[in-house]
Amino acid sequence: MMAARAVNGCSILRSATCGGGPPAFAFCRRFHRLRASPVREFSKLGFRFRILWSERRLSGRPGDADAPTCSYSIHSLVDSVMEELEAVRKRRSSRSVRANVKVKLTSTGELLEDKLANQELQAGFLLEFKKDADRVLLAVAHRPDGKKNWMVFDQNGATSSIKPQQITYIVPGVEKFNHTEITDFMQRAQDNLDPALLEFAWIELLEKNKPVTPEELAEMIFGCSDPLESYCSHILLSKDEIYFTVLESKGCRSIYGPRPNEQVEELLRRKLVKEAEEKKFQEFVQLLKSAKEMPSHAKPPKSSWLAEDSIQDRIDSLEAYAIDAWVTSDQKKAAGAILKAMGLQKTAASALNLLIDIGYFPVHVNLELLKLNLRTHHSEEIVEAAEILLSESHDLDEVSRIDLTHLKVYAIDVDEADELDDALSASRLQDGRIKVWIHVADPARFVKPGSKVDREARKRGTSIFLPTATYPMFPERLAMEGMSLRQGEICNAVTVSVVLRSDGSIAEYSVDNSFIKPTYMLTYESATELLHLNLEEEAELKILSEAAVLRSQWRRGQGAVDTATLETRVKVVNPEDPEPLINLYVENQAEPAMRLVSEMMVLCGEAVATFGSQHNIPLPYRGQPQSNIDVSAFGHLPEGPVRSSAIVKVMRAAEMNFRSPVRHGVLGLPGYVQFTSPIRRYMDLTAHYQIKAFLRGEDFPFSAGELEGIASTVNMQSRVVRRLCNSSLRYWVIELLRRQRKDKRYTALILRFIKDRIAALLLVEVGVQASGWVSEGKQVGDEVQVRVEEAHPREDVILLKEVV
């Protein structure tokens with residue numbers, strides 16, 4: 001099939017047949033009789049005009065390589081015809097006005113109503129109808145279905161009922177079409193289509209300013225308006241987005257008009273842009289398919305998907321779709337198009353799995369972390385500012401620091417702790433009372449309120465501790481090398497010293513800037529072991545344990561509620577691997593070393609609150625009402641996780657005051673301030689800012705109102721991080737369970753019954769809760785043996801079955 005466009009005129013060549021001969025020849029014969037004379041008279045129209053004729057050769061014509069191609073300049077004819085038809089139009093228009101009837105005409109004076117007249121549908125007619133928003137089908141009318149609808153046989157062999165408004169075209173000249181021949185008809189129509197023919201028709205019709213119907217276009221480009229040719233013309237016009245536009249429609253009939261030249265040029269430009277974009281899109285899809293087929297070790301690195309903007313934009317759209325965080329509808333649409341091209345469902349899970357399959361995401365990507373868009377890395381600007389603090393910062397409190405380097409100092413924490421911000425010392429005074437020192441790291445020695453590094457820490461609110469990584473509140477080198485306590489080195493600290501009465505209450509206290517030299521860095525396990533060994537050379541550790549017991553007894557006497565339970569920690573080695581190593585630690589908060597550290601931190605918080613109250617220092621005082629907790633109501637439950645779980649269910653939310661202490665009923669304290677984690681919690685750091693300003697005799701950096709505003713945003717951020725940490729921990733515990741043998745048994749504590757015999761269970765070996773059915777006769781607090789039937793970390797699903 002070929003089409004040729006001529007300047008100042010039109011010509012067309014087409015190999016398709018119509019009526020027994022090529023339309024190109026029919027087109028040429030139409031004008032052949034005019035070649036005998038350069039001047040011809042059309043007496044019926046009452047005017048004469050000149051026809052200009054020229055010959056030129058077009059190579060490559062099938063069957064006749066040397067045949068001349070004729071091109072005729074017929075502007076004189078067109079102009080004369082247009083003038084005559086304009087006169088006809090005016091006469092008709094005048095008569096219409098006089099008759100007070102509005103009639104629509106084409107530019108050649110033809111009645112639009114005549115062209116838009118719909119053929120009455122009959123059985124055996126071949127028609128096109130809109131199946132849905134994306135599909136148009138050919139069908140044969142079978143029989144009426146009610147008053148207006150028709151039953152039809154479509155191209156897929158299906159029978160359906162269609163409404164009149166679904167019909168988009170009735171193929172003219174077909175009365176008793178066999179529906180089994182639809183496929184053949186469609187194939188012949190497809191073979192006969194050449195969108196390039198539209199350009200010829202557009203040029204001619206634009207010059208004449210003439211609208212066209214599919215049948216008229218068939219006459220122009222095929223030389224006849226038989227059914228096949230008319231349908232081909234309908235397809236060309238209905239699918240065209242460049243040359244023609246619908247002028248008017250009525251039912252399934254439409255009249256098309258040529259677009260202005262400027263509009264066509266703009267649409268062609270857009271088409272080229274769209275085709276270029278489509279080409280890039282298909283290349284991207286091929287990249288995805290290739291990466292998906294590669295083995296895990298050979299997949300392209302994540303950085304390769306970010307090297308080119310157009311590729312990164314598409315990857316970003318998939319990532320946003322995977323975490324339900326798309327910003328614009330265009331981004332959502334782009335991701336949907338990619339998933340469709342890949343043959344996938346348009347779901348977040350499909351987008352996630354695709355990104356995993358191409359190696360962009362690791363198998364165990366933390367979706368919650370991506371959704372929350374938390375700050376995980378520090379900018380170069382902040383890192384540079386931190387480096388300056390490390391090298392140039394001056395200690396304003398150097399002169400006033402007390403030297404406590406003679407004390408034996410125990411730093412007790414988890415074994416993978418990166419930031420050590422508290423340590424303990426103890427001795428027995430001559431009068432038998434116990435004195436303890438709680439040494440807290442002094443980040444305020446480096447960071448000043450309102451500084452660049454401080455503002456960044458405030459935005460973060462807290463360090464993030466995940467099984468796969470730690471994201472510190474401060475830049476890593478500043479936190480680890482400058483602020484953190486280090487074994488065997490002289491460190492800056494803020495020390496809270498307390499002398500206890502024999503009943504465990506506070507007799508004396510002080511808060512000072514200090515120098516300390518940590519003696520031991522112990523894990524909870526090693527500290528517990530030392531306590532059990534009861535070594536004489538570690539008498540100070542024994543005194544700390546004795547102080548912890550006194551404090552626990554005293555707080556219980558003040559109404560404190562014991563909420564000790566199992567604490568689970570997970571450390572994942574090489575989390576990017578498909579099957580990374582998972583290290584699980586389950587610790588009982590009632591163990592001696594954990595009790596010891598917990599009691600000393602609570603003691604420090606009470607002393608700081610008392611110090612703040614005595615000196616009217618605005619601080620983030622924390623309290624928790626206890627009025628709704630009747631501890632005796634839980635006395636029948638076994639101590640530990642079961643009782644703690646029941647109590648926590650009825651505890652009220654914590655409260656804060658920034659002017660004076662408020663009672664913390666759960667801890668059994670008249671006031672409490674979190675003070676012992678200033679490297680990892682920003683509100684602890686604000687307490688340091690305030691206390692240190694008082695010790696220097698300076699104005700407080702923050703008023704009570706300012707502290708309240710800071711706490712509002714920081715606490716909100718901290719809650720988000722807490723949820724992230726909990727969900728991440730649970731994910732890896734479930735992943736660990738998924739890898740175990742199906743017949744492995746676990747001990748589970750019945751915490752409470754949810755409904756009938758379905759109970760909330762605590763898996764003791766892994767410290768995670770799940771629900772499951774338990775047999776008759778089992779009570780809250782009982783232990784049962786269970787198996788893990790299913791474990792799906794991504795869906796947060798654990799299915800347990802009791803082993804009876």
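Ala, Val, Leu, Ile, Met, Phe, Trp, Tyr, Cys and Pro count here as nonpolar, Asp, Glu, Lys and Arg as charged, and the others, Gly among them, as polar. The model is predicted, with local features needing pLDDT of at least 70 and side-chain atom pairs counting only at pLDDT 80 or more, while totals for chains, interfaces and linings use all residues. Residues are numbered from 1 along each chain as its sequence is written, and side-chain values use heavy atoms, with hydrogens and water left out.

**View 1. The second largest pocket and its lining.** This pocket (on a 1 Å grid over the protein atoms alone, an open set of points with protein on both sides within 12 Å along at least five of seven lines) holds about 1200 Å³ of space, a volume being the space filled by probe spheres set on points joined across faces, edges and corners. Its lining, meaning residues with an atom within 4 Å of a point, comprises 41 residues, of which Pro362, His364, Val365, Asn366 and Leu367 lie nearest the centre. By class, 21 are nonpolar, 10 polar and 10 charged. Helix H21 (704-739; helices are DSSP runs of H or I, at least four residues, numbered from the N terminus) gives the largest share of this lining, 6 residues.

**View 2. The second largest cavity.** A cavity is a set of grid points where a 1.4 Å probe fits but cannot get out, and by this rule there are 4 cavities of 30 Å³ or more. The second largest has a volume of about 50 Å³, and its lining includes Leu374, Arg375, Tyr471 and Gln717.

Key: Helix = DSSP H or I, 4+ residues; strand = E, 2+ residues; numbered from the N terminus.
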